[in-house]
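Biologist: Could you pick one side chain, take a close look at where it sits and what it pairs with, and then work outward from there? I'd like the cut-offs spelled out as you go.

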Amino acid sequence: PKYLDDVSAAPVSMKAGLARSFWITLTLPAGAAAGEYQGELKLSGAVVKDLTVPVHLAVWPIKLAEPNFPMGMFLAGPADSYLALDQSGESYWAAWKNILEDARAPGQTSIDPAIQIPLKQIANGKAEIDFKQADRFMELARAAGFTQELNGYAIGTGFKMKVPVDYDAEAKRFGVGSYAELVKAYFDAVREHAKEKNWLPICFC
């Protein structure tokens, strides 16, 4: 499935004739002993008899090593427009926190975050960039346990990078002589700020 929502064991209301799929996630305690475990899952409804499903779980005496390469979701981020109704913006960041923790739980080491690091202007060869969203994201990503390079495909830079690009028009829009000058000013500023704030590495593309 593309999305999974947490559903409690409390009753779930379903209309007649409606089919729903449920995925069961089993989380092992850190110190669980190796061996065979057995249990059962009980399903019941208002008009159906109880259904018991046997559950068998094998725990191996090994611990999987953390992958030492970037591996994760592409084009990730909160997509619900109703989050914009929260004027404090905290619902948006709560959703990001959930996404990052959910991605780390099965061992993902990287992510392609749909965040904005927009170029505002270039003055005297120096780029002015709004880093607020990126700084907040990096704090959450570090806290969730990410350490690998991030994919920057979904990151908004405030100027066009993906082909086709009218390079002269982009340079003119920011008042510089060439697209190369624009790009250099932007990434010089990003590199300096990222080092100062201890960002995770980003592969922009």
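Modeller: Let's start with Glu170, which is buried at a relative accessible area of 5%. Here buried means under 20% relative accessible area, exposed means over 50%, and partly exposed is anything in between, with a 1.4 Å probe and protein chains only. Before going on, a caveat: this is a predicted model, so local features need pLDDT of at least 70 and side-chain atom pairs count only at pLDDT 80 or more, while totals for chains, interfaces and linings use all residues. Numbering runs from 1 along each chain as its sequence is written, and side-chain values use heavy atoms, with hydrogens and water left out.

Back to Glu170. What does it pair with? Glu170 makes a salt bridge with Arg173, and their closest N and O atoms are 2.9 Å apart. (A salt bridge here is a side-chain nitrogen of Lys or Arg within 4 Å of a carboxyl oxygen of Asp or Glu.) Both residues sit in helix 3, residues 167-173, three positions apart, or about one turn of the helix. Helices are DSSP runs of H or I with at least four residues, strands are runs of E with at least two, and both are numbered from the N terminus. The two ends of the pair see different surroundings: Arg173 is partly exposed at 48%, whereas Glu170 is buried at 5%.

That pair is one of eight salt bridges found by this rule. A similar short-range one is in helix 1, where Lys97 and Glu101 are four residues apart, about one turn of the helix. The closest N and O atoms of Lys97 and Glu101 are 2.7 Å apart. Lys97 is partly exposed at 41%, and Glu101 is partly exposed at 39%.

Now for a bridge that reaches across the chain. Glu90 pairs with Arg136, with the closest N and O atoms 2.8 Å apart. Glu90 belongs to helix 1 (residues 90-104) and Arg136 to helix 2 (residues 132-144), so this bridge ties together parts that are 46 residues apart in sequence. Glu90 is partly exposed at 40%, and Arg136 is partly exposed as well, at 29%. There is also a salt-bridge network that links Lys184, Asp188 and Arg191.

Moving from charges to the nonpolar interior, the largest nonpolar core has 41 residues, and Trp96, Ile117 and Phe137 have the most contacts inside it. Such a core is a set of buried Ala, Val, Leu, Ile, Met, Phe, Trp, Tyr and Cys residues joined through side-chain atoms within 4.5 Å. Helix 1, strand 5 (119-123), strand 6 (126-129), helix 2 and helix 4 (179-197) each supply at least two of its residues. Helix 4 gives the largest share, eight residues. Trp96 itself touches, among others beyond four places in sequence, Ala76, Pro78, Ile111, Ile115, Phe137 and Leu140; contact means heavy atoms within 4.5 Å.

Which loop holds Thr157? It is the one between strand 7 (150-151) and helix 3. Thr157 is buried at 4%, and its side chain reaches the backbone oxygen of Phe159 at 2.9 Å. Leaving out residues up to four places away in sequence, Thr157 touches Ile117, Pro118, Leu119, Tyr186 and Phe204.

Lys120, in strand 5, is partly exposed at 48%. Outside the four places on either side in sequence, Lys120 contacts Glu128, Ile129, Asp130 and Phe174. Lys120 and Gly158 are 38 residues apart in sequence but 7.2 Å apart in space, C-alpha to C-alpha.

For contrast, look at the segment before strand 1. Gly17 is there, exposed at 87%, and its C-alpha lies 63 Å from that of Ala123, with the two positions 106 residues apart in sequence terms. Met14 is in that segment too, ahead of strand 1 (35-43), and is partly exposed at 40%. Met14 joins Val7, Val12, Leu18, Phe22, Ile24 and Leu26 in a nonpolar surface patch of about 640 Å². Patches take residues with over 30% relative accessible area and no salt bridge, joining like charges within 9 Å and nonpolar side chains (Val, Leu, Ile, Met, Phe, Trp, Tyr) within 5 Å; the areas come from the Shrake-Rupley method with a 1.4 Å probe, and for residues only the protein chains shown count as cover.

Notes. A polar contact is a pair of N or O atoms within 3.5 Å; within protein, one must be able to donate a hydrogen and the other to accept it, and residues adjacent in sequence count only if both atoms are side-chain atoms.
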